[in-house]
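Biologist: Please take a close look at one strand of this model and describe how it is paired and how far it is enclosed. A formal account with the cut-offs would be welcome.

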Amino acid sequence: MASPSQQLPPGWTAEWDPASQRYLFIQASTGRSQWEIPTPPAQPIDHAPSVSPPPSTTHHGRRRQYAAGQTQAYYGAGDALGDQYGALGVPQQQQPAATTQLFTPGLAAEGGFAGQQQVPQASYYAPQQEPQYINAPGFGQEPTYHPPNAPIHHLTDQFGQMGMGQKPLHLTTTNLLTSPPDPRELVRPPPEIRLPANACITTSPYANADPSYQRCTVNAIPTTSSMLNKSKIPLGLVITPYRTLKEGELPVPVVTDTVIARCRRCRTYINPYVQFIDNGNRWRCCMCSMSNEVPQLFDWDQIRNQPGDRWARDELNHSVVEFVAPTEYMVRPPQPAVYVILIDVSHTAVQSGMVATATRTILENLDRIPNEDERTKVAIIAYDISLYFFSMPPGTTESTMLVVSDVDDVFLPKPTDLLINLTEARQSLESLLGRINDMFQDNHTVGSAMGPALQAGFKLMAPIGGKIMVLSSSLPNIGAGSLKNREDLKILGTSKESGLLQAASPFYKTFAIECSRAQVSVDMFLFSAAYQDVASLACLPHYTSGQTYFYPAFNAARSEDAIKFAHEFGEVLAMPIMLEAVMRVRASKGLRMASFHGNFFVRSTDLLAMPAVPTDQSYAIEIQIEDTLTQPFVVMQTAVLHTTCHGERRIRVITLALPTTSSLTEVFASADQVAITTLLANKAVERSLTHKLEDARDAVHQRLVEILSSYKSSMTSAGAGANAQLAISENLRMLPVLVLGLLKNVGIRQSAQIPPDLRAYAQALLTTLPSQTLIPYIHPTFFSLHNMAPEAGTVGEQGVILPTPLPLTSERLERHGLYLIEDGQTIFLWIGRDAVPQLVMDVFNLPNYEVLRGGKTTLPVLDNDFSQRVNAIIQKTREMRRGVYYPHLYVVKEDGEPPLRLWALSCLIQDRADVLPSYQQFIGQLKDKVNGANNY
């Protein structure tokens with residue numbers, strides 16, 4: 001697709017945005033960006049009446065559209081009489097052309113850029129149709145507010161002049177009452193980081209951290225804590241140090257010469273923001289201003305054994321870099337990767353098919369387990385009310401089972417051949433994995449000695465460290481760590497509910513700290529159909545940098561369950577984990593890391609111990625401004641010392657430089673709504689455990705009210721008085737709907753119907769998912785499939801093209817429609833009761849809606865264009881985000897099972913649900929509180 005720059009008005013540029021598969025238009029003079037095609041000044045579009053576009057004469061081959069009772073083209077306008085299907089018995093609806101444009105993004109507005117691009121795109125809301133909630137009682141009377149082109153109040157301009165040399169960010173105010181949420185805003189990059197001139201010693205585009213590695217809640221740091229407090233925006237970092245690389249992304253550069261330049265005082269690693277002084281013989285630290293000597297071999301190319309080019313060194317050009325560590329960074333030689341897999345073989349585990357699926361998955365993924373240096377060690381321990389060890393001598397295909405029934409005093413039955421070298425004992429391991437399910441096929445034992453099994457696995461690997469993977473199908477009830485069923489329906493939804501989200505037994509925290517000290521990490525795979533106390537069991541991954549995976553009511557007889565578990569377990573086995581890791585975040589003088597959120601153990605004030613760091617796990621750190629910041633910019637640097645799974649000690653360093661500002665305008669204009677939401681999610685979960693769930697919800701809601709109040713009093717002419725508008729900066733426009741999504745998330749939602757296990761698992765996800773996966777979990781994605789644009793579901797330059805996302809409200813559901821709703825963990829395919837038989841046939845290969853069954857399913861790939869496009873969209877949805885998760889697909893019929901319908905509809909967070917407000921009610925409440933709050 002050709003760049004459209006030549007067709008834009010002067011001063012505008014177009015940048016392709018791979019996440020949303022379309023162009024983003026940027027005005028060079030102001031830095032403002034928008035999705036809509038800019039038009040020349042002579043043709044203003046902001047107040048012009050909307051005009052329905054004429055039907056497009058461009059055909060995209062034969063494409064189906066499914067409409068109820070309308071003579072719309074099935075494959076394109078020319079084929080209207082040949083292939084057209086309306087819903088039987090439904091009167092023809094007279095719909096305005098604007099609605100057609102909304103649901104048929106292929107129609108381009110007259111003279112529109114979409115036609116020239118030959119990639120039709122819809123305007124997000126229909127031009128002639130205001131969103132419903134604006135016309136609701138109490139909203140229609142508000143004065144119309146046009147944010148993009150409204151003049152900014154002179155106060156904002158005065159603040160904007162107070163920048164520190166760099167070009168200030170442009171602040172655009174928007175009125176939330178007349179500016180409905182646009183889901184496409186969430187895939188836009190965070191506000192631009194505008195550093196002062198000469199802050200960086202390189203012109204490399206990689207000199208500052210990509211937000212997927214490290215992002216801050218504000219991209220211009222206020223110089224004083226009083227200014228930060230005035231803005232009410234929480235200051236924090238969101239870090240994903242080991243995010244996976246997608247196709248086409250550059251790998252992290254590795255510095256192999258073991259020449260590591262660090263500041264003598266604050267131990268900062270040299271980076272693109274230091275200064276060279278004294279003719280290049282010394283460098284000044286960008287954090288503490290200490291003068292340091294440049295190492296002798298810094299300018300020497302050790303590979304070619306000749307003088308090297310200093311300015312070509314990776315650590316001076318890349319913000320994310322990995323150093324091969326010399327021996328002084330090692331307490332002991334790098335250890336091999338060790339995997340101890342504990343498999344529940346009780347009656348319920350065998351009958352559910354978990355044991356067979358798990359052993360087959362391990363067998364199929366033996367070649368994917370990291371083992372480049374052929375040192376990787378593996379052990380299998382099975383357990384029910386006893387422990388079953390397997391001795392696998394190398395060089396044979398035989399294995400011997402050793403039973404330990406004394407679970408009160410766990411011991412290893414044999415000193416050798418229990419923890420085996422994966423390469424040397426490969427044959428006996430393969431043979432064993434093929435037989436385990438048969439060995440326990442007739443096991444009728446009920447009970448779980450998970451605690452003793454954990455102790456045994458720990459004894460096996462404690463001298464080395466590594467990863468324990470626990471597969472459990474029932475509540476542990478024997479030996480150490482035994483638990484009781486404490487699920488009490490009477491306390492759900494009350495102030496006592498938070499007690500169910502805390503560990504019931506101290507064993508899980510004390511044992512986890514023991515594991516952390518011995519460099520042992522624990523992953524939990526939980527499968528129970530009944531209560532399993534996820535809250536207690538998730539303590540182990542929480543303190544040992546592991547992860548919890550939950551498969552409620554798992555039954556491998558349903559292929560969907562088996563495929564999901566096998567995919568996720570296989571990805572975890574194949575994951576290139578980082579072992580024996582410690583992480584520390586340093587920052588410029590005046591900044592202090594105040595509190596830490598995520599899966600790790602805080603070993604000292606700011607040293608985070610992580611026995612095995614999985615990829616795509618996120619951490620959030622709150623920052624305090626202790627002293628006035630006098631430098632024009634600050635630097636935050638994350639360093640993770642670790643052993644790779646192929647036995648090399650390395651240090652991954654991630655550097656982020658941000659300008660400082662004394663202008664509140666810039667603080668608001670630089671705020672990153674995605675990072676703020678990620679930090680608030682972590683804080684909410686922590687507060688729900690230390691206080692109550694209600695306190696967590698109140699704290700999040702109150703923080704949003706405070707931000708809006710601060711903006712109103714500082715950035716608008718209303719000041720402290722009442723105002724008919726609810727103003728916020730354009731870059732924070734989605735924050736209220738994100739907060740609403742967080743308040744409606746299973747992890748902290750107000751409800752007396754949520755089982756404690758589901759709530760605890762949701763909280764584990766809220767505190768570990770990287771922002772890219774967390775945001776859809778809070779704010780799901782909603783597509784209309786029956787009338788998607790012709791190119792949706794086809795392959796474009798950047799992969800499969802997705803439809804335009806819709807606002808999360810059931811007002812967009814039509815009775816004849818097919819919709820996809822997904823939150824990264826689950827995909828719902830919603831089908832209306834008046835769907836035409838041809839649509840049901842094309843997608844499900846069934847004659848009509850009546851015979852279609854709702855529930856968990858696998859969609860057939862049929863020999864028609866529409867089926868292939870729908871399947872391509874589902875496949876892309878499963879693959880496009882980082883992480884191992886493989887979402888289930890549920891078919892939801894409009895008049896189907898109520899629990900499934902309610903579950904799917906709960907994703908439409910802009911609707912009212914139970915005691916929770918709709919988006920328009922929520923905005924109304926915020927407006928009342930902000931106007932009643934005066935000054936905070």
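Modeller: Strand 25 (residues 601–602) pairs with strand 26 in the antiparallel sense, over two bridges. Strands here are DSSP runs of E with at least two residues, helices are runs of H or I with at least four residues, and both are numbered from the N terminus; two strands pair if DSSP finds at least two bridges between them. The model is predicted: local features need pLDDT of at least 70 and side-chain atom pairs count only at pLDDT 80 or more, whereas totals for chains, interfaces and linings use all residues. Residues are numbered from 1 along each chain as its sequence is written, and side-chain values use heavy atoms, with hydrogens and water left out.

Within this pairing, F601 stands opposite A609 of strand 26. The connection from strand 25 to strand 26 is a hairpin through five residues. Strand 26 also pairs with strand 23 (residues 578–587), again in the antiparallel sense, and five bridges link strand 23 and strand 26. In that second pairing, M610 of strand 26 is the bridge partner of A581. Strand 26 thus has pairings with strand 25 and with strand 23.

As to enclosure, strand 26 spans residues 608–613, and six of its six residues are buried, so the strand is largely enclosed by the rest of the structure. Buried denotes under 20% relative accessible area, with exposed over 50% and partly exposed in between, for a 1.4 Å probe and protein chains only.
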